[in-house]
Amino acid sequence: MRLSALPAAAALVLATLAAGAAPATADTPAGPVLQADLEAGKGRHHNTGTVLYERVDGAVNSVRITSVTIYSGELDCAWVSWNNPHGTDGWSNLTTEPSCNGTGLVEYPDIIIKAPAGHPLKVRLAADHPGSDVVHKDIQKL
């Protein structure tokens, strides 16, 4: 992570915690590791993301996010988010920064995200072309 991104990373962590995600605790038993694969765009705009997560035993509609991997297209910046029912626009980022211009990004947030019963948890890969309104998206249920 770049040093200039540290204040933004701290703000993201605080916003995520306030919005319904919590740091994982040692007393939360781990379930089997599950994987959500995301893919959006084609050619030089091909973006991929992978979210590794575990269901939280005894908790309704809760998962522990253990790893987020993003590979952006050459001309894009890509984020992976979850559908936070308390977020201002309905989505909260799972990484502290995007993957941009063909680079890769791997983060290990180790947070628990949760939502009320009946609100299906989802992750979204959203990639945009800087300076443009074009957006590529893929959404998967957890």
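1. Ala-78. In this predicted model, Ala-78 has 0% relative accessibility and therefore counts as buried. The residue belongs to strand E5. Its partner across the strand pairing is Ala-127, in E10. Beyond neighbours within four places in sequence, Ala-78 makes contact with Asn-47, Ile-70, Ser-72, Pro-98, Ser-99, Leu-125, Ala-126 and Ala-127. Asn-101 does not appear among those contacts. The C-alpha atoms of Ala-78 and Asn-101 are 9.0 Å apart, with their positions 23 residues apart along the chain.

2. The disulfide. How many disulfides does the model hold? The count is one. Cys-77 and Cys-100 form the link, with an S to S distance of 2.0 Å. The angle about the S-S bond is 120°, and the link is right-handed. Cys-77 sits in strand E5 (residues 77-82) and Cys-100 in strand E7 (residues 99-100), so the bond ties together parts 23 residues apart in sequence. Are the two cysteines buried or exposed? Both Cys-77 and Cys-100 are buried.

3. Strand E10 and its partners. E10 runs antiparallel to E5, and six bridges join the two. On E11 (residues 135-141), seven bridges join that strand to E10, again in antiparallel fashion. One facing pair there is Arg-124 and Ile-139, the latter in E11. Five of the seven residues of E10 are buried, so the strand is mostly covered.4. The E10-E11 hairpin. Six residues lie between the two strands of this hairpin. Which residue there takes a positive phi? Gly-131 does, with a value near 80°.

5. The largest nonpolar core. This core has 22 residues. Val-51, Ile-65, Val-80, Leu-94, Ile-113, Val-123 and Leu-142 touch the most other members. Strands E2 (33-40), E3 (47-55), E4 (62-71), E5, E9 (111-114) and E10 (122-128) each give two or more residues to the core. E4 gives the most, with four residues. In soluble globular proteins, nonpolar side chains tend to be buried together.

6. Ile-65. Which residues does Ile-65 touch, setting aside those up to four places away in sequence? They are Val-51, Leu-52, Tyr-53, Leu-94, Pro-109, Asp-110, Ile-111, Ile-113 and Leu-142. Val-51, Leu-94, Ile-113 and Leu-142 also appear among the core members with the most contacts to other members. Asp-110 comes back in point 9, as a salt-bridge partner of Arg-64.

7. Glu-74 and Arg-44. A search of the whole structure gives three salt bridges. One of them pairs the side chains of Glu-74 and Arg-44, at 3.2 Å from N to O. The two residues are 30 apart in the chain: Glu-74 is in the loop between E4 and E5, Arg-44 in the loop between E2 and E3. Glu-74 counts as partly exposed because its relative accessibility is 47%. Arg-44, at 46%, also counts as partly exposed. Side chains of opposite charge can pair when their charged atoms come close.

8. Arg-64 and Glu-54. A salt bridge joins these two side chains, with the closest N and O atoms 3.3 Å apart. Arg-64 is in strand E4 and Glu-54 in strand E3, 10 residues apart. Are Arg-64 and Glu-54 buried or exposed? Both are buried. For Arg-64 the relative accessible area is 9%.

9. Arg-64 and Asp-110. Arg-64 also meets Asp-110 in a salt bridge, at 3.5 Å from N to O. Arg-64 lies in strand E4, while Asp-110 is in the loop between strand E8 (104-107) and E9, so the pair ties together parts 46 residues apart in sequence. Asp-110 is partly exposed, with a relative accessible area of 35%. Arg-64, by contrast, is buried.

10. The network. Which residues are linked in a network of salt bridges? Glu-54, Arg-64 and Asp-110 are. Arg-64 takes part in both of the bridges described above, to Glu-54 and to Asp-110.

Technical notes:
Residues are numbered from 1 along each chain as its sequence is written. This is a predicted model: local features need pLDDT of at least 70, side-chain atom pairs count only at pLDDT 80 or more; totals for chains, interfaces and linings use all residues. Side-chain values use heavy atoms; hydrogens and water are left out. A disulfide is a pair of cysteine sulfur atoms within 2.5 Å. Buried means under 20% relative accessible area, exposed over 50%, partly exposed in between (1.4 Å probe, protein chains only). A nonpolar core is a set of buried Ala, Val, Leu, Ile, Met, Phe, Trp, Tyr and Cys residues joined through side-chain atoms within 4.5 Å. Contact means heavy atoms within 4.5 Å. Two strands pair if DSSP finds at least two bridges between them. A salt bridge is a side-chain nitrogen of Lys or Arg within 4 Å of a carboxyl oxygen of Asp or Glu.
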